[in-house]
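Hello,

Here is the structure I promised to pass on to you. Have a look at it first, and then read on for what turned up.

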Amino acid sequence: AVTTYQGGLLLFGGRGATGDFLGDTWQLRDGAWQLRLSPAAACDPLSRAPRCRAGGALIPDPAGGVLLIAGHLGSAMSPESDELIWRFAGGTWEPAAIERPPAVLSRGGHGLVPLPAPAAKQDGAASPSTNEGPQALLGFGAAPDGWVRKDSYVLDFGSGQFAPQLGVAPPARVAAALAYDAARDEVIAATGRGDVDHNLVMAGEPLLDDSWAFVRDRGWRRLR
């Protein structure tokens, strides 16, 4: 997982050349990579740091840190779910003071994208969103048993709570591409991989070719 951090990038975990789950933390700053947490320390279950994992997601938080949410822990042969959400700041990882619903944490290969605080309209009227602070959208992914998820949640950084998004939803998928469109204040979700009939990720499945848009307080709509 990788995200922006302090003018550079923060990288955590993933899968190595042999398929093993990784747990080291690297920071790209001023054009050079720096190791912030060694692999040995990260994979120690007693270490006060996120366990080795693949398919996690990183996102900057409003306080200047980075959150690590979900991912598959343990090993590729017997993956597990995390029970914590982690925050990186000041060179160290600590458990974050954020709600930890099992439905949110039981996934890997999911999408996670920041939603800026809603901007006021030019006429001074309030934004249609009921929340005035920054948020994040989390969705899709695959559970440790391989079943693909179609649910999505909005994280409110102010309250630390996840709100499930109800109504129409894109088909279940893993490894979808999510991006925030500032001009329209919406999130675009495209492609991904998933068995529409059985909701189970299988090797060699073709990519999905649909795309969807998500608007706060309105939900999902299909674009094509």
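**What was found**

Strands 12 and 13 pair in the antiparallel sense, over five bridges, with strand 13 covering residues 135–139. One of the bridge partners is Gln135 in strand 13, which sits opposite Leu115. Please keep in mind that this is a predicted model.

Both strands belong to an open, antiparallel sheet of four strands in the order 12-13-14-15. Strand 12 (111–115) and strand 15 (161–164) are at the edges with a single partner strand each, so one side of each has no neighbour in the sheet. On average, neighbouring strands here are turned by 25° against each other, direction ignored.

Next, the interior. The largest nonpolar core has 17 residues, and those touching the most other members are Leu67, Ile69, Ile85, Ile98, Leu112, Leu155 and Phe162. Strand 13 and strand 14 (152–156) are among the elements that give two or more residues to this core. Beyond its neighbours within four places in sequence, Ile69 is in contact with residues including Ile85, Leu112, Leu138, Leu155 and Phe162. There is also a second, separate core of 12 residues, which includes Val113, Val154, Leu178 and Phe214.

You may like the aromatic pairs too: the whole structure has five. In one of them, Phe12 and Trp93 have ring centres 5.5 Å apart and planes at 65°, so the pair is edge-to-face. Phe12 lies in strand 2 and Trp93 in strand 11, so the pair ties together parts 81 residues apart in sequence. Phe12 and Trp93 are both buried, and they form one aromatic cluster with Tyr5 and Phe88.

Best wishes

Methods:
Residues numbered from 1 in each chain as written. Predicted model: local features only at pLDDT ≥ 70, side-chain atom pairs only at ≥ 80, totals over all residues. Heavy atoms only, no water. Pairing = 2+ DSSP bridges. Axes fitted to C-alpha atoms, helices over the stretch in contact; angles between N-to-C directions. Core = buried A, V, L, I, M, F, W, Y, C linked by side-chain atoms within 4.5 Å. Buried < 20%, exposed > 50% of the residue type's maximum accessible area, 1.4 Å probe, protein only. Contact = heavy atoms within 4.5 Å. Phe/Tyr/Trp six-rings, centres within 6.5 Å; stacked < 30°, edge-to-face > 60°.
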